[in-house]
Amino acid sequence: MDYFIMTQDRLLDEHMIMFDGLRSAFRTLEVSKDRAQEIKDFTVVYVEGKDRIIPDLIDRPVVLMSDPLKKVIEMYDDDALFKCVVLAHPAEEMQQTYWLLLVDRLECLSDLTEYDPWGRPSRIIIDRKMAKGHAVFRIAGIDDQRLVINLDIAESILRRDLWGISLEPLESKEEEEI
């Protein structure tokens, strides 16, 4: 199985709606499944910005997905956990339903993963055996909050009219290939 890092298209950053009170969110805040009880099942988030866009994937300050993207994830991952978030823009009289994805980290780094002198991965390689059966996850053992999806989800996203999503292929190997 092949894997991809799924992120929000950075070309949209200047045109995105702004989350009230979170103007300087340059990193993704990680929300794992073990925090599910701490998070309300339904939350209203106020946004601002005239003539601004809302893509199908928002990855900062937290990972939010449109309803169509949520449905794609659910088709391939029975364990996916979501919390409802309504993006409300009172000045524009707009509100849209999005979904906060709660996802855990998976121990799946291959021994072939390469690191820079500071210990950050310079070349990430996924061990297919360790990742088998997982459709969406974050990688354990590295300081990276980006989502990893499998090939089935990536192809399904590309077949639909979803936009604002970037997919970056990851290398993957099995022990026998090493």
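**Exercise 1.** Work out whether cysteine 84 and cysteine 108 are buried or exposed, then count the disulfides.

*Solution.* Start with cysteine 84: its relative accessible area is 12%, so it is buried (under 20% relative accessible area; exposed is over 50%, partly exposed is in between, with a 1.4 Å probe and protein chains only). Next, cysteine 108 comes out at 0% relative accessibility, so it counts as buried. Now the bond count: take a disulfide as a pair of cysteine sulfur atoms within 2.5 Å, and you get zero.

A quick note on the ground rules: this is a predicted model, where local features need pLDDT of at least 70, side-chain atom pairs count only at pLDDT 80 or more, and totals for chains, interfaces and linings use all residues. Residues are numbered from 1 along each chain as its sequence is written, and side-chain values use heavy atoms, leaving out hydrogens and water.

**Exercise 2.** Place aspartate 144 and find its contacts beyond four places in sequence.

*Solution.* First, look in the loop between strands E12 (136-139) and E13 (147-150); strands are DSSP runs of E, at least two residues, and helices are runs of H or I, at least four, numbered from the N terminus. Then check burial: aspartate 144 has 17% relative accessibility, so it's buried. Finally, with neighbours within four places set aside, aspartate 144 touches Arg105 and Ile124 (contact is heavy atoms within 4.5 Å).

**Exercise 3.** Find which residues of H1 meet H3.

*Solution.* On the H1 side you have Leu69, Val72, Ile73, Met75 and Tyr76; facing them in H3 are Asp152, Ile153, Ser156, Ile157 and Arg159.
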